Amino acid sequence: MTELTTTTVHVFRHGEVFNPTKILYGRLPDFHLSELGHQMAKAAAQALAGRDVTHVVASPLERAQETAAPISAEFELETATDVRLIESANYFEGKRVSVGDGAFSNPRHWWVLRDPITPSWGEPYLVIAQRMFEALQAARVAAEGHEAVCVSHQLPIWTLRRYVEGKRLWHDPRKRQCGLASLTSFRFEGSKVVGIDYTEPAAHLVALSATAKTAKGA
């Protein structure tokens, strides 16, 4: 009987973003890591030091590329780019969405919230899950027998995890287990996921983050 190849793909949420206007920045350009966000990325790179990482790939958005940089440097690799790892599209992109003073308080936006299951306000969860799973498998193939790191965003990562676990994709955003600079690690035997691990190597820095406290980071 042929023994299956073991591969691990770490899907890494980027660090804190500099966002003084507190908008939902989504796919907008020119949103970069804050100083604390850069520290988070370095902490994650240090946590992975000594691992068998042979492939690093990131969403094309600046915050993801910047988060990937110290990891690529740690392993002397180039950062590849995969658009399938990008943040989800959202109607409220560019708007403030905080409770009380954001777009949600304006009745003209309420029709967009009519369907939380698809959802009606953005990219369908199933579409997100399928593109993220394709990116996950591509990273597995690129690092077969070793480890890969994919840098992405909170909603796509959480949707991917629920998809792989066979859970319904619509969910309460407040209950996502996907903190800033966290690693959701998918363990493969061959092409099959056999386990999922979750770690927060920058938790000590996240505790200092205003983004984490107000849930604005994406």
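A residue counts as exposed when its relative accessible area is over 50%, as buried when that area is under 20%, and as partly exposed in between; the legends below use these words in that sense for a predicted model.

**Figure 1. Overall fold of the predicted protein chain, with its helices and strands in sequence order.** The protein chain contains six helices and six strands, and these follow one another along the sequence in the pattern β-α-β-α-β-α-β-α-β-β-α-α. The C-alpha trace spans about 60 × 40 × 25 Å along its principal axes, and the radius of gyration of the protein chain is 17 Å, which agrees with the value near 17 Å for a compact globule of 218 residues. Of these 218 residues, 49% count as buried, while the protein chain exposes about 10,500 Å², of which carbon and sulfur atoms supply 54%. Among contacts between residues at least 6 apart in sequence, 69% join residues that are at least 24 apart. The protein chain carries 24 positive and 24 negative charges, and the mean positions of the two sets are 10 Å apart.

**Figure 2. Close-up of E76, a residue other than glycine with a positive phi.** E76 is found in the loop between α2 (62-75) and β3, and its phi is near 55°. The relative accessibility of E76 is 74%, and because this is over 50%, E76 counts as exposed.

**Figure 3. Close-up of D30, with a positive phi although it is not a glycine.** The phi of D30 is about 70°, and the residue is found in the loop between β1 (6-13) and α1 (35-48). With a relative accessible area of 56%, D30 is exposed.

**Figure 4. Close-up of the cis peptide bond from T118 to P119.** The omega angle of this bond is near 0°. P119 has its place in the loop between β3 (79-81) and α3 (125-142), and E123, shown in the next view, is also in the loop between β3 and α3.

**Figure 5. Close-up of the salt bridge between E123 and R27.** Side chains of opposite charge can pair when their charged atoms come close. In the pair of E123 and R27, the closest N and O atoms are 3.3 Å apart. This pair links distant parts of the chain, since E123 is in the loop between β3 and α3 and R27 is in the loop between β1 and α1, 96 residues apart. E123 is buried, with a relative accessible area of 12%, whereas R27 is partly exposed, with a relative accessible area of 32%. R27 and E123 are also linked with R131 in a network of salt bridges, and the structure as a whole holds ten salt bridges.

**Figure 6. Close-up of the salt bridge between E87 and R63.** The closest N and O atoms of E87 and R63 are 4.0 Å apart. E87 lies in the loop between β3 and α3 and R63 lies in helix α2, so the pair ties together parts that are 24 residues apart in sequence. Both partners count as buried, E87 at 4% relative accessibility and R63 at 0%.

**Figure 7. Close-up of the salt bridge between R84 and D82.** The closest N and O atoms of R84 and D82 are 2.9 Å apart. R84 counts as partly exposed at 27% relative accessibility, whereas D82, with a relative accessible area of 12%, is buried.

**Figure 8. Close-up of R162, a buried residue that has no salt bridge.** R162 is found in helix α4, which comprises residues 154-164. The nearest side chain of opposite charge is that of E165, which is 6.1 Å away, whereas a salt bridge requires a side-chain nitrogen of Lys or Arg within 4 Å of a carboxyl oxygen of Asp or Glu. When its neighbours within four places in sequence are left aside, R162 is in contact with K167, R168, L169, W170 and H171.

Terms used
Residues are numbered from 1 along each chain as its sequence is written. This is a predicted model: local features need pLDDT of at least 70, side-chain atom pairs count only at pLDDT 80 or more; totals for chains, interfaces and linings use all residues. Side-chain values use heavy atoms; hydrogens and water are left out. Helices (H or I, at least four residues) and strands (E, at least two) are DSSP runs, numbered from the N terminus. The radius of gyration is taken over C-alpha atoms; the globule rule is 2.2 Å times the number of residues to the power 0.38. Buried means under 20% relative accessible area, exposed over 50%, partly exposed in between (1.4 Å probe, protein chains only). Contact means heavy atoms within 4.5 Å. Accessible areas come from the Shrake-Rupley method with a 1.4 Å probe; for residues, only the protein chains shown count as cover. Lys and Arg count as positive and Asp and Glu as negative; His and the chain ends are not counted. The place of a charge is taken as NZ of Lys, CZ of Arg, CG of Asp or CD of Glu.
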